[in-house]
Amino acid sequence: MTIAIVDTSILCELLAVPGESQQHLAALRMFEDRVRSDEEMLLPLPVLLETGNHIAQATAGDARRRCAETFVSFGRLALAGNSPFRTTPFPSREEVASRLTGFVEDAPRGLGLVDRMLVALWEAQRSLAPRRRVYIGSKDQHLRGFDSVP
């Protein structure tokens, strides 16, 4: 079985966030295929928060409100364990401090703080499940290379 760590760019596509989603239907089809293949989808809570920020900053008023309503329902289902997504806990203070190390060097390459947390989660999942494929699902080029096939 495969483990997918969902990035903000993918969640924005799935939720059709105004101004952040250009391939909503293709993302939905891919998501449905992954659910059918019994892929384990991890939703880091920082990704959920970052997606909420993208929705709040969208300029399309009515579309923003509808998306916010969808987001709240989605988030509640995921947090309650009633969706295909399994939420991961917030990083500890120590983990955040660790991710700050190296951030100055990574920021110019487009690797943000949440991205660094996703990479740390990817590394941890690879150690926990060495015989499973683990990847970060993202539209961002700098995250697409994080894919381990046993």
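A residue counts as buried here when its relative accessible area is under 20%. With that in hand, let's walk through this predicted model, starting at W122, which is buried with a relative accessible area of 8%.

What does W122 pair with? The ring of W122 has its centre 5.0 Å from that of F146, and with the planes at 75° the pair is edge-to-face. This contact links distant parts of the chain: W122 belongs to helix α7 (residues 113-128), while F146 sits in the loop between α8 (141-144) and β5 (147-148), 24 residues apart.

In total, the count comes to three aromatic pairs. Another of them joins F31 and F85, and this one is stacked, at 5.4 Å centre to centre and 5° between the planes. F31 lies in helix α2 (residues 24-36) and F85 in strand β3 (residues 85-88), so their pairing ties together parts that are 54 residues apart in sequence. F31 counts as buried at 19% relative accessibility, and F85 does too, at 5%. Add F74, and ring pairs link F31, F74 and F85 into a cluster.

Rings can have charged company as well. Over the ring of Y135 sits the charged end of R133, 4.3 Å from the ring centre.

Now for the cysteines. How many disulfides does the structure hold? Zero. Take C12: its closest cysteine sulfur is the one in C67, and at 7.8 Å that is too far for a bond, because a disulfide needs the two sulfur atoms within 2.5 Å. Both cysteines are tucked out of sight all the same: C12 is buried at a relative accessible area of 1%, and C67 counts as buried at 4%.

Technical notes
Residues are numbered from 1 along each chain as its sequence is written. This is a predicted model: local features need pLDDT of at least 70, side-chain atom pairs count only at pLDDT 80 or more; totals for chains, interfaces and linings use all residues. Side-chain values use heavy atoms; hydrogens and water are left out. Buried means under 20% relative accessible area, exposed over 50%, partly exposed in between (1.4 Å probe, protein chains only). Rings of Phe, Tyr and Trp (its six-membered ring) pair if their centres lie within 6.5 Å; planes under 30 degrees apart count as stacked, over 60 as edge-to-face and the rest as tilted. Helices (H or I, at least four residues) and strands (E, at least two) are DSSP runs, numbered from the N terminus. A charge sits over a ring if NZ of Lys or CZ of Arg is within 6 Å of the ring centre and within 35 degrees of the ring normal.
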